[in-house]
Structures are given as structure tokens and as C-alpha cells.
Amino acid sequence: MSDSKKRILFINSHFGVGGIESSLISMVNILCEKYDVDLLMYYPEGPMKERLDPRVNIVESCFALKAMGMSVSQAFKSKNILIILFRIFGSVWSAVFNNSFPIWLASKIQPRLTGYDFA
């Protein structure tokens with residue numbers, strides 16, 4: 001058996017207060033004892049972030065994924081024109097159709113992540 005740990009990637013939108021975020025943090029905090037665990041967070045902020053084990057690595061997302069993880073008010077507070085425009089586009093598109101296309105587009109902008117055993 002190899003000495004290197006298996007690498008696992010999880011993806012979530014933000015560290016907001018909720019059952020999914022709480023469960024995710026509890027799970028990765030346990031898994032990081034045996035595995036190298038990375039989290040790709042669309043918007044890596046929120047009140048639950050402080051509960052995350054420091055051994056869990058947060059992977060930086062592109063501006064488009066950040067925008068999709070933020071609320072519209074958070075996007076305007078960022079003062080980043082790309083984030084603001086993409087968030088407005090995503091909100092309007094999602095209201096008229098659904099959020100599939102904005103998420104697909106944001107995922108194409110995100111640089112490819114490789115080297116994971118599980119994702």
C-alpha cells in the first residue's frame with residue numbers, strides 16, 4: 001500500500017448557516033484525519049467557516065463561481081465589476097429560465113482541477 005494519502009475534493013457554494021454546510025464541515029473534519037481533503041467553495045465565506053479543521057484546504061474559485069455563491073448584495077459589496085455583472089446575469093437568467101446555464105458557464109471558466117482520487 002502506498003504511503004501517500006488519497007485526495008478528495010468536495011464542492012459547495014458557501015459557508016452559510018444550514019444543515020448541508022454543517023454536515024459537510026463535520027464530514028470533512030473527520031475525513032481529513034485519513035485523507036487529503038480539499039473544498040472548492042464558490043464563495044469561501046460565511047459563519048460556518050470557523051468550524052473547519054485547518055488541515056482542510058480551501059481551493060480558490062474563479063470570479064464566476066464566486067459570483068454564483070454570493071448574494072446580490074454581497075456581489076455589490078465586493079466592488080468587482082466582473083463579479084457584479086456575472087451575478088446579475090445569473091440572477092436574471094435563473095429567474096427567467098433556471099440556473100443550469102450560469103452554473104455550466106461558470107464551471108467552464110473555472111480552471112480544471114486534477115489529481116484527485118475522488119470528487
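This dialogue reads several features of a predicted model.

User: Which residues have the most contacts inside the largest nonpolar core, and how many residues does the core have?

Analyst: A nonpolar core is a set of buried residues such as Leu, Phe and Ala, joined through their side-chain atoms. In this structure the largest one has 16 residues, and L65, F86 and A106 are those with the most contacts inside it.

User: Which elements give two or more residues to this core?

Analyst: The elements that do so are strand β2 (36–43) and the helices α2 (63–69) and α4 (81–96). The largest share comes from α2, which gives four residues.

User: With which residues is F86 in contact, leaving aside its neighbours within four places in sequence?

Analyst: On that basis, F86 is in contact with F63, A64, A67 and M68, and also with P102, L105 and A106. Beside this core there is a second, separate one of 13 residues, which includes I25, L39, M48 and L52.

User: Which residues make the nonpolar surface patch?

Analyst: Nonpolar side chains may also be found at the surface, as they are here: V72, F76, I88, V92, V96 and F97 make a nonpolar patch of about 550 Å². Two helices, α3 (72–78) and α4, each give two or more residues to this patch. The largest share, three residues, comes from α4.

User: Does one call V96 buried or exposed, and why?

Analyst: The label depends on relative accessible area, and a residue is exposed when the value is over 50%. V96, which lies in helix α4, has 55% relative accessibility and therefore counts as exposed.

User: How many salt bridges are there?

Analyst: Side chains of opposite charge can pair when their charged atoms come close. For this model the count comes to four salt bridges. One of them joins D38 to R7, with the closest N and O atoms 3.0 Å apart. This pair links distant parts of the chain, since D38 is in strand β2 and R7 is in strand β1 (residues 7–14), 31 residues apart.

User: Why does D38 count as buried, and how is R7 described?

Analyst: D38 counts as buried because its relative accessibility is 7%, and buried means under 20%. R7 has a relative accessible area of 28%, so R7 is partly exposed.

User: What other salt bridges can be examined in the model?

Analyst: E45 forms a salt bridge with K49, and their closest N and O atoms are 3.6 Å apart. E45 is partly exposed because its relative accessibility is 38%. K49 is also partly exposed, at 30%. A further salt bridge joins E60 to K66, where the closest N and O atoms are 2.3 Å apart. E60 has a relative accessible area of 51% and is therefore exposed.

User: How far apart are I109 and C62 in sequence and in space?

Analyst: Distance along the chain and distance in space should be read separately. I109 and C62 are 47 residues apart in sequence, while their C-alpha atoms are 6.9 Å apart in space. I109 lies in helix α5 (residues 100–109). Not counting residues up to four places away in sequence, I109 touches C62, F63 and A64.

User: Why does I109 count as partly exposed?

Analyst: I109 has 35% relative accessibility, so I109 counts as partly exposed. That label applies to values between the limits of 20% and 50%.

Methods
Residues numbered from 1 in each chain as written. Predicted model: local features only at pLDDT ≥ 70, side-chain atom pairs only at ≥ 80, totals over all residues. Heavy atoms only, no water. Core = buried A, V, L, I, M, F, W, Y, C linked by side-chain atoms within 4.5 Å. Buried < 20%, exposed > 50% of the residue type's maximum accessible area, 1.4 Å probe, protein only. Contact = heavy atoms within 4.5 Å. Patch = residues over 30% accessible without salt bridge, like charges linked within 9 Å, V, L, I, M, F, W, Y side chains within 5 Å. Areas by Shrake-Rupley, 256 points an atom, 1.4 Å probe, with all protein chains shown as cover.
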